[in-house]
Amino acid sequence: MEKQSQDRTHVAQSYQVRPLDETESKENMPAVSDAARHMGEFDPTKTLNTSANTKIDVRHTNFFYGPKQALYDVSLPLRDRQVTALIGPSGCGKSTFLRTLNRMNDLIPGTRTEGEAVFDNFNIYDKKTDVVLLRQRIGMVFQRPNPFPKSIFENVAFGLKVQGKSQKFIHERVEASLRGAALWDEVKDRLNTSALGLSGGQQQRLCIARALAVEPEVLLMDEPCSALDPIATLKIEELITDLVKDFTIVIVTHNMQQASRVSHFTGFFLSGKLIEVAPTVDIFEHPHQKETEDYISGRFG
């Protein structure tokens, strides 16, 4: 038990600034260090609110891909204007769970969801739910940046045009959304150029701006930094810490250091089950379940 406690302490202490990978060039080191030091100003433990209202109350959710069950009796309160990170090994169900929250799994034939996810007094999983409206209120950012093959402006304006908004409103919202995604200063002079010409990190922030444009209440992020370099990753993390002032955020990540840096609450998934959920600092320093302790200590296998 003494060694386990030492392992936990070592892991918890290491979840401050992610070290550079061996493949990262030395000339990038000062920039990463500067960004990392800046991220130190955003300590989620200082804004943790354990009494925050529940924005989405997930109750006894089961999910099936055809006859195969992928989620088992998942219950999880997602707190308003807090970041909830979902961690666990590949194939554990965390991304599947995330996609139930805005019904993206509906696009896969033969899937079925049971249980409740109560959002503003209605059940997200109800067959009567207006899925188009739901996805406006619960936006999603995917693992890899997926800008449309259109201009930067048209990418952000797309949802607003579908809603039939006026040109004046669209122009105002495009600028506001790009500012909200910390991208305006980098693209304001080339709004009519192709979004595909942006860097990977800029494309991901553009996708965040596109989600922000329709003024959602919740942002779902499915490993938003997995395809990005370390500097772009830190920019996205800093953006998350800023956006949570106005949005409820749920992020799936394989990077436990990232979960520690940006999230207030963390849920650990294993084999389709939610093993444990608690304030992030408690998950990493004082996990209650042995499976959680084994995973965060690197002894999972």
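In the predicted model, the charged end of K165 is placed over the ring of F169, at 5.4 Å from the ring centre. A second arrangement of this kind involves R210 and F148: R210 lies over the face of F148, and the distance to the ring centre is 4.1 Å.

Aromatic rings also pair with one another. Five aromatic pairs are found when the whole structure is searched. For F63 and Y65, the ring centres are 4.9 Å apart and the planes meet at 85 degrees, so this pair is classed as edge-to-face; the class applies to planes over 60 degrees apart. The two residues can also be described by their accessibility. F63 has a relative accessibility of 0% and therefore counts as buried, the limit for that class being under 20%. Y65, at 28% relative accessibility, counts as partly exposed.

Strand β8 covers residues 248-252, and five of its five residues are buried. The side chains of this strand are divided between two directions: T248, V250 and V252 point one way, while I249 and I251 point the other way, and all are buried. Two strands were found to pair with β8. Strand β3, made up of residues 83-87, pairs with β8 in the parallel sense over four bridges. Within β8, the residue opposite T84 is V250. Strand β7, residues 218-222, also runs parallel to β8 and is joined to β8 by five bridges. Here D222 has V252 of β8 as its bridge partner. The connection from β7 to β8 involves helix α10, residues 230-243; together, β7, α10 and β8 form a right-handed β-α-β unit.

Helix α9 spans residues 200-213 and contains Q203. Q203 counts as buried because its relative accessibility is 13%, which is under 20%. The side chain of Q203 reaches the backbone oxygen of L196 at a distance of 3.4 Å. When neighbours within four places in sequence are set aside, the residues in contact with Q203 are P145, P147, A195, L196 and L198. L196 therefore appears both as the residue whose backbone oxygen is reached and in this list of contacts.

A buried residue is also found in a loop. N102 lies in the loop between α4 (94-100) and β4 (111-119), and its relative accessibility of 2% places it in the buried class. With neighbours within four places in sequence left aside, N102 is in contact with V131, L134, R135, I138, M140 and L220.

Backbone angles were examined as well. Most residues other than glycine have a negative phi. R81 has a positive phi of about 55 degrees although it is not a glycine. This residue lies in the loop between β2 (68-79) and β3. R81 counts as partly exposed, because its relative accessibility is 44%, a value between the limits of 20% and 50%. E215, again a residue other than glycine, also has a positive phi, near 55 degrees. E215 is located in the loop between α9 and β7.

Technical notes: Residues are numbered from 1 along each chain as its sequence is written. This is a predicted model: local features need pLDDT of at least 70, side-chain atom pairs count only at pLDDT 80 or more; totals for chains, interfaces and linings use all residues. Side-chain values use heavy atoms; hydrogens and water are left out. Buried means under 20% relative accessible area, exposed over 50%, partly exposed in between (1.4 Å probe, protein chains only). Two strands pair if DSSP finds at least two bridges between them. A crossover is right-handed if, with the strands pointing away from the viewer, the path from the first strand over the helix to the second runs clockwise. Rings of Phe, Tyr and Trp (its six-membered ring) pair if their centres lie within 6.5 Å; planes under 30 degrees apart count as stacked, over 60 as edge-to-face and the rest as tilted. A charge sits over a ring if NZ of Lys or CZ of Arg is within 6 Å of the ring centre and within 35 degrees of the ring normal. A polar contact is a pair of N or O atoms within 3.5 Å; within protein, one must be able to donate a hydrogen and the other to accept it, and residues adjacent in sequence count only if both atoms are side-chain atoms. Contact means heavy atoms within 4.5 Å.
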